[in-house]
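Grab a pencil and work through these exercises on one protein chain. Try each task yourself before you read its solution.

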Amino acid sequence: MPPKLKFAEGEKVLCFHGPLIYEAKCLKSSVTKDDHVRYLIHYAGWNKNWDEWVPESRVLKYNEANVQRQKKVQRAHSAQPVKTKKTTAKGRKSEAASSTPAREERASTPAGKDSESSSTAAKASKTQSKDTPADSGSDQPKKKRGRLDLSIESEEQYLAKVEVKIKIPEELKVWLVDDWDVITRQQKLAILPAKLTVEQIVDNYLAFKKSSKSHNQAKESVLVDITEGIKEYFNATLGSQLLYKFERPQYSEILQDYPEKPMSQIYGSIHLLRLFAKMGPMLAYTALDERSLQHVLSHIQDFLKYMVTNRSTLFNLQDYGNATPEYHRKVQ
């Protein structure tokens with residue numbers, strides 16, 4: 001029995017695009033082979049080049065409650081430090097430069113491949129409960145030229161996609177469970193900046209692989225691409241998909257305190273592990289062919305084995321601290 005559609009064709013709705021919510025209209029609907037509902041969305045007042053197929057989880061009913069939610073998200077986004085439209089030495093672009101559709105007056109400029117790629121990770125976002133990371137829409141992975149091609153796929157490719165799963169080793173799953181308990185039940189916070197940051201962990205892994213007897217120049221090139229890709233995915237998705245609700249005020253403070261630093265230089269191992277727990281759906285919506293995808297997955301599983309081997313160094317409950325009474329008031 002096909003799933004019931006929440007939205008009708010022609011219905012006025014609200015829709016997430018990146019971290020913001022826009023007024024939109026449902027043009028068409030479709031159901032994939034695995035019963036996932038999608039809608040072709042047109043953003044009100046924007047060029048039709050920005051029309052896109054989105055999962056049902058990104059669409060909201062147009063009502064007063066959701067309009068207020070839209071305004072709240074806009075205010076929160078506007079309160080963040082303004083970043084210039086440039087790429088830092090680490091390749092981190094301004095979120096504002098990549099998450100907002102081009103206005104109608106720019107209709108004569110066709111959306112390029114890089115702008116198309118902005119909806120790749122957004123398509124992978126799923127509805128989350130308030131006690132799981134990512135309760136506020138989706139970010140987009142930034143695409144570096146010369147690295148893995150993450151551009152959007154064709155409609156046929158989208159419909160044919162199979163679910164991509166990354167198997168988290170049992171030795172690491174226990175840390176995800178403890179992390180959930182410490183943050184959501186005990187209401188503690190990771191101490192930041194982390195003693196061992198995501199960037200340091202990834203770089204240490206790369207150095208470890210380079211020291212292997214089987215290492216060669218060809219393998220190094222692929223490893224560099226993979227490790228840089230991990231950093232980029234982390235920086236692109238942390239704010240929207242990897243945080244618990246209780247951590248969001250801390251994240252806002254970090255953005256203010258370190259406006260020019262990529263988050264991979266601030267956050268540590270447990271948030272990196274959360275990324276791998278969510279990366280499967282992200283990879284499912286890239287334009288990688290089956291062979292390339294399996295190649296990437298094998299490297300990710302190898303990275304997870306490295307984390308298992310070094311778990312005594314990477315994970316420690318002492319890396320969490322108590323939140324202040326003032327912080328608790330911010331969360332409420």
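Before you start, here is a rule you'll need: a residue is called buried when its relative accessible area is under 20%, exposed when that area is over 50%, and partly exposed in between. Also keep in mind that this is a predicted model.

**Exercise 1. Is Lys72 buried or exposed, and which surface patch does Lys72 help to form?**

Step 1: Find the residue. Lys72 sits in helix 1, which covers residues 64-78.

Step 2: Apply the rule. Lys72 has a relative accessible area of 58%, and the cut-off for exposed is over 50%, so Lys72 is exposed.

Step 3: Look at its partners. Lys72 forms a positive surface patch together with Lys71, Arg75 and Lys245.

**Exercise 2. How many disulfides does the structure hold? Check Cys15 and Cys26.**

Step 1: Recall what you're looking for. A disulfide is a covalent bond between the sulfur atoms of two cysteines.

Step 2: Check the distance. From the sulfur of Cys15, the nearest cysteine sulfur is that of Cys26, 7.9 Å away. Going the other way, Cys26 has Cys15 as its nearest cysteine sulfur.

Step 3: Compare with the cut-off. A disulfide needs the two sulfur atoms within 2.5 Å, so Cys15 and Cys26 are in no disulfide. The total for the structure is zero.

Step 4: Add the surroundings. Cys15 has 0% relative accessibility and therefore counts as buried. Cys26, at 1%, counts as buried too.

**Exercise 3. Which parts of the chain are linked by the salt bridges of Glu11, Lys12 and Glu220?**

Step 1: Start with the total. The structure holds twelve salt bridges.

Step 2: Take Glu11. Its side chain meets that of Lys61 in a salt bridge, at 3.0 Å from N to O. Glu11 lies in the segment before strand 1, while Lys61 lies in strand 5 (residues 59-61), so this pair links parts of the chain 50 residues apart. Lys61 is partly exposed, with 37% relative accessibility.

Step 3: Move on to Lys12. Lys12 pairs with Glu23, and their closest N and O atoms are 3.6 Å apart. This bridge connects strand 1 with strand 2 (residues 20-31), across eleven residues. Both ends count as partly exposed: Lys12 at 44%, Glu23 at 32%.

Step 4: Finish with Glu220. Its salt bridge partner is Lys210, with 3.5 Å between the closest N and O atoms. Here helix 8 (residues 217-241) is joined to helix 7 (residues 198-210), and the two residues are ten apart.

Definitions and conventions: Residues are numbered from 1 along each chain as its sequence is written. This is a predicted model: local features need pLDDT of at least 70, side-chain atom pairs count only at pLDDT 80 or more; totals for chains, interfaces and linings use all residues. Side-chain values use heavy atoms; hydrogens and water are left out. Buried means under 20% relative accessible area, exposed over 50%, partly exposed in between (1.4 Å probe, protein chains only). Patches are made of residues with over 30% relative accessible area and no salt bridge: like charges are joined within 9 Å, nonpolar side chains (Val, Leu, Ile, Met, Phe, Trp, Tyr) within 5 Å. Accessible areas come from the Shrake-Rupley method with a 1.4 Å probe; for residues, only the protein chains shown count as cover. A salt bridge is a side-chain nitrogen of Lys or Arg within 4 Å of a carboxyl oxygen of Asp or Glu. Lys and Arg count as positive and Asp and Glu as negative; His and the chain ends are not counted. The place of a charge is taken as NZ of Lys, CZ of Arg, CG of Asp or CD of Glu. Helices (H or I, at least four residues) and strands (E, at least two) are DSSP runs, numbered from the N terminus.
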